[in-house]
Amino acid sequence: MYGYKQTDTRNPFTGRHRMLVLRLALLVLLSCALMILDHRHQQLDRLHDALSVLVTPVRWAVDAPTRVVLWSRESLSARHHLIERNRELRTQNLRIHGELQRLDALQAENERLRELLQSARQVDQQVMISEILAVDMNPYRHQVILNRGSLDDVYAGQALIDAHGVLGQVTHAGPLQSTALLITDPNHSIPVEVNRNGLRTIAQGTGSTIRLDLPYLPSSADVRPGDLLVSSALAGRFPRGYPVGIVTEVEIIPGERFARISARPAARIDRSREVLMVTRRPETTHHDVDDTDMAPADSPPGETAPGEVQP
Amino acid sequence: MMPVHRRGLPVIWISLVIALALTLIPLPEWARTLWPAWVTLAVVYWSLATPHSFGLIQAWLAGLLLDASTAGVLGQHALAMVLIAWTAQRFHLQIRPFPVWQQALVLLPLLAIYEFMLYWLSGLMGLAGPVWAWPAALTGAAMWPLSFTMLRLVRQRFRVA
């Protein structure tokens with residue numbers, strides 16, 4: 001059917017064209033089936049894994065120039081720069097250690113108090129450093145590719161933080177690389193609480209790297225600009241207490257039941273390359289994922305707020 | 001030995017992978033809607049130039065690869081790609097004799113439809129955010145003479161038929 005035949009192509013209505021239409025119809029149907037299976041039912045993990053391994057070398061190749069630039073910047077920097085940087089980091093390290101000592105005491109005290117109150121203890125958390133690859137994908141989604149996958153025990157739903165706050169969560173863990181959705185993606189929502197008074201709400205991504213929206217707070221809510229929003233463990237996906245954003249604007253419109261509140265993400269959304277992946281204790285991990293796997297991978301289970309139902 | 005029309009396949013696929021790498025290059029925010037759909041340009045070229053060795057199934061696979069590398073829903077780019085490839089193959093005898101700039105004019109609506117399909121399918125699946133990236137169709141058509149010339153050089157050098 002592939003052979004080149006003059007007679008076939010002269011007459012537009014002979015076998016070759018009919019074959020072409022037939023093949024088109026089949027492929028269109030196949031695409032639709034794939035889309036439905038993938039989007040509605042999330043049943044194509046194997047295929048996703050296989051394809052993601054297939055495109056891994058391409059991603060590496062695209063990331064390579066950035067890697068080379070970073071590497072050469074590191075290896076070509078002058079000696080006195082390095083010494084200066086080293087000194088800076090040492091003082092910073094000392095300061096952080098000092099703060100950590102105080103934190104240890106506080107944590108011990110906190111645990112004692114929790115035991116007194118007989119409330120559940122917080123789970124231990126482990127972190128793993130991974131790198132964001134300099135690869136551009138869909139311009140309208142805030143997604144990143146990480147250089148670690150399920151072979152490094154990355155799992156879907158794992159939280160991603162940088163030095164300043166919550167960055168996002170893993171949506172798909174391929175064998176070698178994984179995909180993560182950032183908190184600023186318009187399809188992402190994260191349960192948060194106001195650090196000052198414990199008021200719980202949901203922060204939604206807007207598609208802008210410098211803004212989150214808090215659409216579900218009534219006009220009477222006690223929120224002020226400058227309030228720190230921290231992650232709440234309500235959805236069971238994000239670890240509790242990491243900074244998510246800082247409230248920048250509270251607009252109360254007379255006659256409206258909900259206030260218009262926006263926040264600036266605490267994490268450096270478009271500037272971090274090295275990120276931390278927060279792992280829960282292994283025995284709780286798998287249980288967690290099984291429980292939350294029913295929800296679409298790109299919307300955390302916290303996304304049950306009114307009007308947020310995906311078709 | 002491979003049949004004559006299959007011998008060029010590795011060359012075709014290498015060009016497609018290079019186009020894929022071009023697509024994935026990180027860009028500043030303003031340039032993202034202007035960045036041409038390089039894989040689509042390559043697929044259109046091979047569909048026009050060698051419709052007998054580059055079939056619809058391969059165009060579809062290229063779309064699927066694009067889906068996987070953009071971490072999107074599988075089948076989205078594949079569907080848009082197979083429609084464009086079909087149009088190119090169906091009318092390759094009519095389009096091929098045109099001078100390159102006229103081919104670019106023909107390509108303009110095709111690329112616009114391609115971008116619109118991506119946008120429409122995203123909307124259909126309830127993904128918030130996307131807009132119709134028609135500027136990419138303009139730049140894509142503008143890039144057609146360049147990619148046409150490059151790919152023709154490749155085709156002649158490696159005798160892809």
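Which residue is the bridge partner of A:Gln143 in β5(A)? The legends below come from a predicted model, and the second view gives the answer.

**View 1. An open sheet of 6 strands in chain A.**
Let's start with the whole sheet before zooming in. Its strand order is β1-β12-β3-β4-β5-β2, and the pairing is antiparallel. At the edges sit β1 (125-131) and β2 (143-146) of chain A, each of which pairs on one side only. From one strand to the next, the twist averages 35°. As a reminder for reading this view, strands of a sheet pair through backbone hydrogen bonds, either parallel or antiparallel.

**View 2. Edge strand β2(A) beside β5(A).**
Here is the promised partner: A:Gln143 is bridged to A:Leu181 in β5(A). The strand β5 covers residues 178-182 of chain A, and 4 bridges join β2(A) to β5(A). The two strands run antiparallel.

**View 3. Strand β4(A) and its two hairpins.**
This close-up follows β4 (residues 166-173) of chain A, a mostly covered strand in which 8 of 8 residues are buried. On one side, 3 bridges join β4(A) to β3 (residues 159-161) of chain A, and these strands run antiparallel. A pair to look for here is A:Ala159 with its bridge partner A:Gln169 in β4(A). The hairpin formed by β3(A) and β4(A) has 4 residues between the strands. β4(A) also pairs with β5(A), again in the antiparallel sense, over 5 bridges. There, A:Gly168 stands opposite A:Leu182 of β5(A). β4(A) and β5(A) form a hairpin as well, with 4 residues between them.

**View 4. A closed barrel of 6 strands in chain A.**
Follow the strands in the order β6-β7-β8-β11-β10-β9, with antiparallel pairing. Ignoring direction, neighbouring strands of this barrel are turned by 40° against each other on average. For a closer look, pick β7 (residues 200-205) and β8 (residues 212-214) of chain A, an antiparallel pair joined by 2 bridges. Within this pair, A:Gln204 has A:Asp213 of β8(A) as its bridge partner.

**View 5. Helix α1(B) packed with helix α2(B).**
The axes of these helices come within 7 Å and cross at roughly 155°. α1(B) and α2(B) are therefore roughly antiparallel to each other, given that angles over 145 degrees count as such. From α1(B), the contact takes in B:Ile12, B:Ser15, B:Leu16, B:Ala19, B:Leu20, B:Leu22 and B:Thr23. They meet B:Trp38, B:Val39, B:Leu41, B:Ala42 and B:Trp46 in α2(B). By type, the contact residues divide into 10 nonpolar, 2 polar and no charged. Centre the view on B:Ala42 and you will find that B:Ala42 touches B:Ser15, B:Leu16, B:Ala19, B:Ser147 and B:Leu151, leaving aside residues up to four places away in sequence.

**View 6. Helix α2(B) packed with helix α3(B).**
Here α2 (residues 38-49) and α3 (residues 56-69) of chain B pack at an angle of about 175°, with their axes 11 Å apart. This angle makes α2(B) roughly antiparallel to α3(B). B:Val39, B:Val43 and B:Ser47 in α2(B) meet B:Ala59, B:Ala62 and B:Leu66 in α3(B). The contact residues divide into 5 nonpolar, 1 polar and no charged.

**View 7. Where chain B touches chain A.**
In this view, 39 residues of chain B are in contact with 41 residues of chain A. On the chain B side, α1 (9-24), α3 and α4 (76-90) each supply at least two residues. That side of chain B divides into 26 nonpolar, 11 polar and 2 charged residues.

**View 8. The largest nonpolar core.**
This core has 98 residues. Those touching the most other members are A:Val166, B:Val39, B:Ala42, B:Val43, B:Met81, B:Val82 and B:Ile84. In soluble globular proteins, nonpolar side chains tend to be buried together.

**View 9. Two residues with positive phi, A:Asp153 and B:Arg159.**
A:Asp153, in the loop between β2 and β3 of chain A, has a phi near 70°. With 15 C-beta neighbours inside 10 Å, A:Asp153 counts as partly exposed. B:Arg159 has a phi near 50° and lies in the segment after α7 (134-157) of chain B. B:Arg159 counts as exposed, with 10 C-beta neighbours inside 10 Å.

Methods: Residues numbered from 1 in each chain as written. Chains lettered and ligands numbered in written order. Predicted model: local features only at pLDDT ≥ 70, side-chain atom pairs only at ≥ 80, totals over all residues. Pairing = 2+ DSSP bridges. Axes fitted to C-alpha atoms, helices over the stretch in contact; angles between N-to-C directions. Parallel < 35°, antiparallel > 145°, perpendicular 65-115°, else oblique. Contact = placed C-beta atoms within 7 Å. Nonpolar A, V, L, I, M, F, W, Y, C, P; charged D, E, K, R; others polar. Buried ≥ 20, exposed ≤ 12 C-beta atoms within 10 Å, placed from the backbone. Core = buried A, V, L, I, M, F, W, Y, C linked by C-beta atoms within 7 Å.
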